[in-house]
Amino acid sequence: MCGIVGYVGPRPSQDILLAGLARLEYRGYDSAGVAIVDGDGRLGMRKRAGKLAVLRDDLALAPLPAGATGIGHTRWATHGGPTDGNAHPHLADDDRLAVIHNGIIENFGALKQELVSEGYTFRSETDTEVAAVLLGREYRETGDLVEAFRRTVGRLEGAFTLLAVHQDQPGLVVGARRNSPLVIGLGVGENFLGSDVAAFVEHTRNALAIGQDEIVAITADTVTVTNFDGHPVEVEPFEVTWDATAADKGGWSSFMAKEIAEEPEAVANTLRGRIHDGVVAIPELDGLDHLFRDAQRIIIVACGTAAYAGQVGKYAIEQWARVPVDVELAHEFRYRDPVIGPETLVVSISQSGETMDTLMAVKYARERGARTLSICNTQGATIPRESDAIVYTHAGPEVAVASTKAFVAQIAALELLALHIGRIRGILSSTEIAHHVRELEAVPAKIQHVLDLESERIAQLAHWMADTRSVLFLGRNVGFPIAMEGALKLKEITYIHAEGFAAGELKHGPIALIEPGQPVFVLVPSPRESPVLHAKVVSNIEEIQARGARVIAIAEEGDVAVLPSSDEVFRIPLAGPLFEPLLAVVPLHLFALGLATARGLDVDQPRNLAKSVTVE
Ligand code: M6R
């Protein structure tokens, strides 16, 4: 939550900061601000409640002094409501230094009391202002911004990325990070800082990942990274594999619409380079067979949509590799004293690689001796850096808050991993692997088929249902997490009540919710691949239809058994049971998009949410 950008170079920084913030707005969008230092040592600052457009309009009317050193922030409120006063940057008491912050300073109350007792006053309700005032105090004592940072971060508890500029130091931006992201962009005669590479990818694809508990100082020509004790540290360079156009809307009405359309490509790119002649070979896992051979159990930790991908992954890993798998919400896992040790492989899944709950679960697992593997979509992110092994999904940048293409890429990566483990443990024969690989390779074209065939009809259905107050989703086996995903997507961007249930659980309670006209999406398993489950789900459909539900079935092409009891049927191509989720979820993503659009809502930036949840 909160997007951060910093710039030093020869160009006026205001436009660079605003462009960076526009690409980071998915991280938080309740207020935004910039602070700029010009060559004469003047510090200008502007911040406004509301989306970035409000700040942009304000600056267009009354620009800040042109300066080539600056910091910018887009906020997701934690401490203090989304007002002009609580927006970042925050100034030190002498107004000579400006600070932006992502994260939560957990001991800000005690620090504030200390500063108040010394006579300092505060102008906002934020935890960040405490860091600004502390930093200002330390700077006055040391006259050195990096040293002042070192002293300040030594007093802070919690999670933070902090950037600061001081009017006495034009041409310098200093930052620090603990449990919150920050990456460096290396330009020619200019340098950048950002919460993620999207902040500067239109200027440079050469990046450096800053480690935990490190301080970075950038000038136009230099980058210096030290740890919190002041010792220089090596930083890891990487090249961003996508360019700025990948993070643009490219003519689509919303990022979410674009990202759903990119689902086939997201899966294809995640498989690319990892399948050779029917054999799964994941280069990042070379030399790490012991992780999978030694594991007596696997625990998948993730949140939200990523956790639903994990549930599909559980089915795949248990079936193909015969290792017991539990899937846990990262925040529940972390605080329940789980029984884990060196024999446990903890697999984390995260699109952003920055979700604090997931990060804390991974760190906790490592501290307890477990081995860790991260499935992540974002290069240079914190969670993969904290893990023993990484499998990147290659879905490309996902900007819409509602995760769509990353979800299918996560499932594809988990299925590759399941086949990889199945081979290492000698569970699957090469013929079986080749068969599953062929199915997996056919998925992108099948998703495309669903998009081509059903997009229009689903948008139409969503339009008719614009006033619906509640939608239920039913699924069984791997259809269950897909039902949950369908419901989450709908809640998230349409604000309609939605619940996903295991179809078999219906009779144990949820069927009481069915009343005439209640829309229910039902994920129907393939009659050819899973005849027993298919028959059970068809019975469930009959039960709810008899009670007046309006049934919308997602069923395989040619499945006629669903016709008599369904009001609408959307079709997916035949696929093996473990590949069905990759197809069945597509109509649900389209439906959420269609309904939010029909209700005139902001599809990409739903209320109260942020893309990357970097607080616990
Ligand atoms: O970046 P992550 O994959 O770790 O994010 C996890 C969840 O916050 C995320 O999937 C969230 O549930 C999405 N907004 C759902 O669309």
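Start by selecting residues 344–350 and 371–376 in this predicted model. These are strands β19 and β20, and they pair in the parallel sense over six bridges. To find your register, pick leucine 345 in β19: standing opposite in β20 is arginine 371. Now trace how the chain gets from one strand to the other. The path leaves β19, passes through helix α11 (residues 356–367) and arrives at β20, making a right-handed β-α-β crossover.

Stay on β20 and colour by accessibility. Is this strand enclosed or open to the outside? Five of its six residues are buried, so β20 is largely enclosed by the rest of the structure.

Next, add residues 389–392, which make up strand β21. Four bridges join β21 to β20, and the two run parallel. A handy marker here is cysteine 376, with tyrosine 392 of β21 standing opposite.

**Leucine 417**

From here, jump to leucine 417 in helix α13 (residues 405–424). Show everything in contact with leucine 417, skipping residues up to four places away in sequence, and you should get Ile282, Leu285, Phe292, Leu373 and Ile375. Leucine 417 has a relative accessibility of 1%, so it counts as buried. For a distance check, draw a line from its C-alpha to that of tryptophan 320: the two residues are 97 apart along the chain, and the atoms are separated by 9.8 Å.

**A pair of helices**

Select α7 (residues 263–271) together with α14 (residues 430–464). Their axes come within 8 Å and cross at roughly 175°. How do the two helices run relative to each other? An angle over 145° counts as roughly antiparallel, and α7 and α14 therefore fall in that class.

Show the side chains at the contact. On the α7 side, pick Glu263, Pro264, Val267, Ala268 and Leu271. Facing them from α14 are Leu440, Glu441, Val443, Pro444, Ile447, Gln448 and Leu451. Colour this contact by residue class and you get nine nonpolar, one polar and two charged residues.

**The antiparallel sheet**

Now go to an open sheet of six strands, ordered β5-β6-β7-β8-β12-β13, with antiparallel pairing. Its edges are β5 (90–91) and β13 (223–227), each of which pairs on one side only. At the β13 edge, select β12 (residues 214–218) as well: five bridges join β12 to β13, and they run antiparallel. Isoleucine 218 is a good place to click, with valine 223 in β13 as its bridge partner.

Bring in helix α4 (residues 128–142), which packs on the sheet. This helix touches β5, β6 (97–105) and β7 (158–166), and its direction makes about 135° with that of β6.

Then select α5 (residues 145–153), a mostly covered helix with seven of its nine residues buried. Those to highlight are Leu145, Val146, Ala148, Phe149, Arg150, Thr152 and Val153. What do they pack against? Turn on contacts and you will find β6, α4, β7, β8, β12 and β13.

**Backbone oddities**

Time for some torsions. Most residues other than glycine have a negative phi, and most peptide bonds are trans. Here are three places to check against that.

- Histidine 88 to proline 89: this peptide bond is cis, with omega near 5°. Proline 89 sits in the loop between β4 (69–75) and β5.
- Asparagine 179: phi is positive, at about 55°, although this residue is not a glycine. Look for asparagine 179 in the loop between β8 (173–178) and β9 (183–186). Its relative accessibility is 11%, so asparagine 179 counts as buried.
- Asparagine 477: another non-glycine with a positive phi, this time about 60°. You will find asparagine 477 in the loop between β22 (470–475) and α15 (479–494). With a relative accessible area of 31%, asparagine 477 is partly exposed.

**Last stop: glutamine 518**

Finish in the loop between β23 (497–502) and β24 (519–523), where you can select glutamine 518. Is this loop residue buried or exposed? At 9% relative accessibility, glutamine 518 counts as buried. Leaving out residues up to four places away in sequence, show its contacts: Ser470, Val471, Leu472, Leu513, Gly548, Ala549 and Arg550.

Methods:
Residues are numbered from 1 along each chain as its sequence is written. This is a predicted model: local features need pLDDT of at least 70, side-chain atom pairs count only at pLDDT 80 or more; totals for chains, interfaces and linings use all residues. Side-chain values use heavy atoms; hydrogens and water are left out. Buried means under 20% relative accessible area, exposed over 50%, partly exposed in between (1.4 Å probe, protein chains only). Two strands pair if DSSP finds at least two bridges between them. A crossover is right-handed if, with the strands pointing away from the viewer, the path from the first strand over the helix to the second runs clockwise. Axes are lines fitted to C-alpha atoms, for helices over the stretch in contact, and angles run from 0 to 180 degrees between N-to-C directions. Angles under 35 degrees count as roughly parallel, over 145 as roughly antiparallel, 65 to 115 as roughly perpendicular and the rest as oblique. Contact means heavy atoms within 4.5 Å. Ala, Val, Leu, Ile, Met, Phe, Trp, Tyr, Cys and Pro count as nonpolar, Asp, Glu, Lys and Arg as charged, and the others, Gly among them, as polar.
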